[in-house]
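Trainee: Could you take me through one part of this model in detail? I'd like to start with the second largest pocket and then hear about whatever else you'd look at.

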Amino acid sequence: MEIRTAQEAVLALTEYGVSKKLIAPEDRFYAANLLLDTLKLTPSPDFDPEKTCGEETLPPLEKILEFLLDDAVSRGVTEDGIASRDLFDTKLMGCLTPRPSEVIRTFREKYAVSPKEATDYFYRLACDSNYIRTYRIRKDRKWVTKTRYGELDITINLSKPEKDPKAIAAALNKKQEQYPRCLLCPQNEGYAGRLDHPARQNIRLLPLTLAGKQWYMQYSPYVYYNEHCIVLSGEHVPMKIEHDTFVRLMQFIQMFPHYTIGSNADLPIVGGSILTHEHFQGGNYTFAMAKAGLREKISFRGYEDVAAGIVNWPMSVIRLDAGNPERLVELADRILETWRGYSDPEAGILAETGGTPHNTITPIARMRNEQYELDLVLRNNRTTEEYPLGIFHPHQELHHIKKENIGLIEVMGLAVLPARLLGEMEMLKKVILEGGNPGEVPAVASHAEWTKKILEKHPEFAPANVKSADPERLDEVIREEIGLVFARVLEDAGVYKDSDPGRAAFRRFVGAVSREKQAILQ
């Protein structure tokens, strides 16, 4: 089907809504009229939403929306620019997205059949309603790098649109809005948005009760992995890792045993995400950390019924497994409380300085072989003059690849790298193949020392050999080396290093939890 007029585009978008079961066939007139009103279009007398064109002839959704956006901009209905266009096409999709009560009712009906059938429906709705812009997600670059810790997932996220200058200027000159208070507040559902806050007419929230409090589940619009969900508190309260955190994680995987769920830490530097609104992140995905085995088994006195071990991972992870989730919660709470107040100067661990706390935990929960499993990642956010961004943070020599905080997703072995890397790596490849010096090219000068080490490992790409070099192989090498840098990033973030002193220090902490001088090794 070739769209020639805005009227035809409205019919096509209505047909799309029916084909994806966002609306029922009986809703055609209603939905089409909502779209006409939003677009400020006056249709011709023969306009008839019941004249279907058939799903098989529909253009892709992004093409339908692009036509309507171009037309609306040309008529002055909306402004041009990324932010304005995103606000407007979300408003259009809001005309087709089922009401929250209908979504919740359908979800619960499907949940009665199986939790997976329910989440399949909910995730498909997020994609079909264009809340998750799948055509942007497809632009992301993804690959896997083999490391000593297993295969790490590497992504360069290109799906987040850049803010246009108009949006930035408007935000600077506008009085700060207080509603919704942040992007994670449940009040976002149905919100029209503004230039500095995305529209959310097509988001839907699933209400949950966790540890006796109102929480909600939604999906992330920038899907970093399969069915990337966000589970958020109904209250705008700061992140806090505590006893009820573990209770909520256990209750969530009881509800959705096919999902992983975890929380960012609750301190700056190691928090890695929005700290002002308590939330978790999860999804239907097996992360590299979950595949990692144990470096050694341990036992905690009084909790011999809980299988425990130190995970073979670049960060410092205690893994707990049990059939009884309450026992996991009890032990996790004990480990957290011990860690909050634990110092080991010999290992560079200080619980606080000047009254400022430094120790916290990043917890991750999953089901494995019908057992409850909880990974507790020990975090410390202390800084020094040598490491002003954090002792247990990517060190300076790695900032050319990754400088941002290491949050939950990356802790689990999935790198979320900045979009700038794509252009920089293309330029770096060009410089290498031309036998040039990256240090003399401003766009890639920050990668010069790293490139030197790569060429030492792969002399086939040295200046003397580039005439016979394989460009595709160079792409592979660069991707591999980026992945190896990410492994080092995680090592930097680990409070106990994989060395004899590091292992001994880790055992001292395990012993402190057990109130013994030494961990009980098996």
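Mentor: Sure, let's begin with the second largest pocket, which holds about 400 Å³ of space. Keep in mind that this is a predicted model. Lining that pocket are 22 residues, and the ones nearest its centre are Tyr-30, Cys-95, Thr-97, Pro-98 and Arg-99. Two elements give two or more residues to this lining, namely α2 (28–39) and α5 (100–111). Of the elements, α2 provides the largest share, with three residues. If you sort the lining of the second largest pocket by class, you get 12 nonpolar, six charged and four polar residues.

Next, have a look at helices α3 and α4. Helix α3 covers residues 61–74 and helix α4 covers residues 82–94; their axes are 10 Å apart and the angle between them is about 115 degrees. The crossing of these two is right-handed. On the α3 side, the residues that take part are Leu-61, Leu-65, Glu-66, Leu-68, Leu-69, Asp-70, Ala-72 and Val-73. They meet Arg-85, Phe-88, Asp-89, Leu-92 and Met-93 of α4. By class, this contact of α3 with α4 has nine nonpolar and four charged residues, with no polar ones.

Now for a space with no way out for the probe. The count comes to one cavity of 30 Å³ or more, and the largest cavity holds about 60 Å³ of space. Its lining is made of Phe-122, Leu-125, Ala-126, Tyr-131, Asn-202, Ile-203, Arg-204, Gln-218 and Tyr-219. Here the elements that give two or more residues are α6 (115–128) and β4 (213–219), and the largest share, three residues, belongs to α6. In terms of class, six residues in the lining of the largest cavity are nonpolar, two are polar and one is charged.

There are also a couple of backbone details to click on. The peptide bond from Tyr-179 to Pro-180 is cis, and its omega is near -15 degrees. You'll find Pro-180 in the loop between α8 (165–173) and β3 (206–210). The other detail is Asn-369: this residue is not a glycine, yet it has a positive phi of about 55 degrees. Asn-369 sits in the loop that runs between β13 (359–368) and β14 (371–380).

Then go to another helix pair, α11 (residues 325–340) and α16 (residues 500–513). Their axes come within 9 Å of each other and cross at roughly 115 degrees, and α11 passes α16 in a right-handed crossing. Helix α11 brings Arg-334, Ile-335, Thr-338 and Trp-339 to the contact, while α16 brings Phe-509, Ala-512 and Val-513. Sorted by class, the contact of α11 with α16 has five nonpolar residues, one polar and one charged.

Last, a word on confidence. The protein averages a pLDDT of 93, and 94% of the residues score at least 70. Over residues 516–522, though, the pLDDT is below 50. In the model, that stretch has 15 contacts beyond near neighbours in sequence.

Technical notes:
Residues numbered from 1 in each chain as written. Predicted model: local features only at pLDDT ≥ 70, side-chain atom pairs only at ≥ 80, totals over all residues. Heavy atoms only, no water. 1 Å grid on protein atoms, 1.4 Å probe; cavity = no way out; pocket = protein on both sides within 12 Å on 5 of 7 lines; lining within 4 Å. Points joined across faces, edges and corners; volume = space filled by probe spheres on them. Helix = DSSP H or I, 4+ residues; strand = E, 2+ residues; numbered from the N terminus. Nonpolar A, V, L, I, M, F, W, Y, C, P; charged D, E, K, R; others polar. pLDDT = per-residue confidence, 0-100. Contact = heavy atoms within 4.5 Å. Axes fitted to C-alpha atoms, helices over the stretch in contact; angles between N-to-C directions. Left-handed = near helix turned anticlockwise from the far one by under 90°.
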